[in-house]
Each structure stands twice: as structure tokens, then as C-alpha cells.
Amino acid sequence: MSEIALLDEIPSLDLSDFTSGNPERKAKFVQDLGSAFNNIGFVAISNHGLTEDIRVKLYETVQAFFKQPDEVKYKYEFLELNGQRGYVSKGREKAKGFKVADLKEFYHVGQPTPEGEMPSNVFPEEVPNFEEYTTLVFNTFENTGKTLLRAIALYLDLEEDYFEDKVRNGDSILRALHYFPLDPETVPEGAVRAAAHGDINLITLLMGASAEGLEVLRRDGAWIAATPSPDQIIINVGDMLDRLTNHKLKSTIHRVVNPPREKMNTSRYSIPFFMHPRAEMNLTCLSSCVTAEHPKLYVDMTAGEFLNERLIELGLKKA
């Protein structure tokens, strides 16, 4: 088997190829997406359903919240929700295996219509449009994510709708992130905006951030910049999809590095959508992905069990 090429940049694809109704374009999209996820775990997508106008309005709204005084932001932090809804303050989350907390604060929005034990959303009354735009983008990205999961299912030789019932009203999260300005003299040793980590979920959808800084770890140990063009969003494989496919589709380590010293006093905003399945989804490795050459890597568990384990590791939930 020939060695997979090392990529210098994230591959770019057009989602309209998959939805075009043209069998050849659809099949090529499926193979190209699968190849990218098999190689580096990241891809940049155009025609994803999010308009530039909505993206701009969302960022304006999110920035308006993070510019509120701390005492206002703390009104929306509920520790009993384990960081799954509302505001999560500075210093609370650290990457798995790291002792120093990431240099960030964020706000979580989940399913607009929660089911079962799923918590309801909380929205800041001080920012009138926050609910409107975060909910709109949540719904947009959930639909885009379902389309991408149909392509992934076909790549894995599963039924095209394999993931549909597993992600219906799933535990997905829209995370509005603020990497606050830094003072070079007081940044704790080893602290970065987001330490090297893999995402927990099935796939992540990320619109362009307000500044550069996202880097992806290539198989040879080199870090490459992941900077989409303005009309693209970045999609990456999360640990749950990696587990399900026995590491055929790769959850690739990535990070957000601190800016150069002269830009440290500036904010960076980023808004990823973490697409999660329902808690009861079985993440047992697909039998088709387990072979003598690729023996089973992971113990069996549900998505809910895995999420719980990772929230404890991240410091958002007590064991």
C-alpha cells in the first residue's frame, strides 16, 4: 500500500457537488471527503448554507456579549450544567493532559427544543439578538452536518441515512469563543489560547475566525495552518467518529496558538459547532473497519458515557 501524501494545506471541497443530483459529482465528493478525513481529518467546505450576512451579525452579537462586564457574564454561568449551556468563565477548561487552563472564555448554546434530561438554553437578556442568531446558526450547521454525515456514511459503505436517527435532537453544541487580549508579561508559563487537543464529537463545523491561529498536527509531527477562505467553513473529525471507524477517519490534534507579541493585546473570536449524536448512540467500532491489519483500538461505550468521561478530563465536571 502506497504511503498517503503529506498535505501542506487543508483540502477544499464544494458541498453543492454532493447535493447537485449529479451521481458522478456526488460520488466524487464522497471519495474526496473520505480521503481527506482518512489522511488529515480536516477539510474546507464551500456552499455550506451559512451566508456572510448572518456570519457577520452573529460575530457582532457574540462580541457584544463578551464586552459585557464580568458581573453580567457571571449571571449566565451555571456550574451545575457542567459547562453544557450558558457562559463558561476564564480558567475553567483545560485540554486533556494539560495542567494549565486555556486562555479563553465561551458561551454554549444547545438544542433549541431539548428532550429528556437535556438542559434548556439560557440567553443573555443584555444582548437582544443573541438568541436569534445563535439559534439560526445552530439550526443551519446541524442541517449541514447531517448532509456531511450522509456523505461519510456512503464512504463507509453504510446506508446513506445511517446517522439520521443517531443525531436527531443530539447533544450538539454551538460554542461562541472569546480568546481575550493577553499581557505578554503575565501569561502563565505554558498557557496558550487552546492547547493541543482532539474534539469529542462526531464532526466539528467551524466558520472562519476573526484572526489566524488555528493549526493542525500532520502525521509527520509538523503543524500546518488551517485558514479557510472567507466563503468556506472547516470540518474536522471528532473522537467519536474516530472511535466508530476504528481510526479509519482521523480525529486530528489541533490547537490555537498565541498571537505574535505585537498582537497579544487583541481579541480573537471563533464559533465552532460540535455535532454530537444522542447519548445512547453505540460507539462500538464498525465491524467493517476492524481487520487483521487494523485490529480494534477502542473499548465499547456509548456517546453519553464517552462525553461524560471527557467532561471530567476537561475539568468541566467533577468525577
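Colleague: Leaving aside its neighbours within four places in sequence, which residues is K73 in contact with?

Modeller: This is a predicted model, and in it K73 is in contact with F65, F66, Q68, Y87 and E105, once neighbours within four places in sequence are set aside. K73 itself lies in helix α4.

Colleague: Is K73 buried or exposed?

Modeller: The cut-off for a buried residue is under 20% relative accessible area. K73 has a relative accessible area of 3%, and therefore counts as buried.

Colleague: With which residue does K73 form a salt bridge?

Modeller: The general idea comes first. Side chains of opposite charge can pair when their charged atoms come close. Here the partner of K73 is E105, and the closest N and O atoms are 3.1 Å apart. This pair links distant parts of the chain, since K73 belongs to helix α4 (residues 70-74) and E105 to strand β4, 32 residues apart. E105 is likewise a buried residue, with a relative accessible area of 1%. The contact between the two side chains, at 3.1 Å, also counts as a polar contact.

Colleague: How many salt bridges does the structure hold?

Modeller: There are 20 salt bridges in the structure. One of local character is formed by the side chains of D53 and K57, at 2.8 Å from N to O. Both residues lie in helix α3 (residues 52-66), four residues apart, which is about one turn of the helix.

Colleague: How should I read the accessibility of D53 and of K57?

Modeller: Partly exposed is the class between the limits of 20% and 50%. D53 is partly exposed, because its relative accessible area is 47%. K57 falls into the partly exposed class too, with a value of 28%.

Colleague: Which residues do salt bridges that share partners join into one network?

Modeller: Consider one pair within it before the whole. The side chains of R278 and E280 meet in a salt bridge at 2.9 Å, N to O. Salt bridges with shared partners join E115, R168, R278 and E280 into one network. The two members of the pair fall into separate accessibility classes: R278 counts as buried at 17% relative accessibility, whereas E280 is exposed at 52%.

Colleague: Let us return to strand β4. What is the place of Y107, and is Y107 buried or exposed?

Modeller: Y107 is in strand β4, which spans residues 105-109. At 1% relative accessibility, Y107 counts as buried. Outside its neighbours within four places in sequence, the contacts of Y107 include F65, F66, Y76, Y87, F123, P124, F130 and R175. V122 is also in contact with Y107, and the backbone oxygen of V122 lies 2.8 Å from a polar atom of the Y107 side chain.

Colleague: How far apart are Y107 and V62, in sequence and in space?

Modeller: The separation is 45 residues in sequence and 8.8 Å in space, taken from C-alpha to C-alpha.

Colleague: What is the volume of the largest cavity, and which residues lie nearest its centre?

Modeller: Again, the principle comes first. Rolling a probe the size of a water molecule over the atoms shows where empty space is left. In this model there is one cavity of 30 Å³ or more. The largest cavity has a volume of about 470 Å³. Its lining comprises 35 residues, and E93, R175, H197, D199 and F274 lie nearest its centre.

Colleague: Which elements each supply at least two residues of that lining, and how is the lining divided by class?

Modeller: The elements are the strands β5 (173-179), β6 (194-197), β7 (203-207), β11 (254-256), β12 (268-270) and β13 (272-275), together with α8 (303-314). By class, the lining has 17 nonpolar, 10 polar and eight charged residues.

Colleague: A last topic is the backbone. What is the phi of N169 and of H247?

Modeller: Most residues other than glycine have a negative phi, and most peptide bonds are trans. N169 has a positive phi of about 50° although it is not a glycine. N169 sits in the loop between α6 (164-167) and β5, and counts as buried at 13% relative accessibility. For H247, phi is near 70°, again a positive value in a residue other than glycine. H247 is found in the loop between α7 (239-244) and β11, where it counts as partly exposed at 32% relative accessibility.

Methods:
Residues are numbered from 1 along each chain as its sequence is written. This is a predicted model: local features need pLDDT of at least 70, side-chain atom pairs count only at pLDDT 80 or more; totals for chains, interfaces and linings use all residues. Side-chain values use heavy atoms; hydrogens and water are left out. Buried means under 20% relative accessible area, exposed over 50%, partly exposed in between (1.4 Å probe, protein chains only). Contact means heavy atoms within 4.5 Å. A polar contact is a pair of N or O atoms within 3.5 Å; within protein, one must be able to donate a hydrogen and the other to accept it, and residues adjacent in sequence count only if both atoms are side-chain atoms. A salt bridge is a side-chain nitrogen of Lys or Arg within 4 Å of a carboxyl oxygen of Asp or Glu. On a 1 Å grid over the protein atoms alone, a cavity is a set of points where a 1.4 Å probe fits but cannot get out, and a pocket is an open set with protein on both sides within 12 Å along at least five of seven lines; lining residues have an atom within 4 Å of a point. Grid points are joined across faces, edges and corners, and a volume is the space filled by probe spheres set on the points. Ala, Val, Leu, Ile, Met, Phe, Trp, Tyr, Cys and Pro count as nonpolar, Asp, Glu, Lys and Arg as charged, and the others, Gly among them, as polar.
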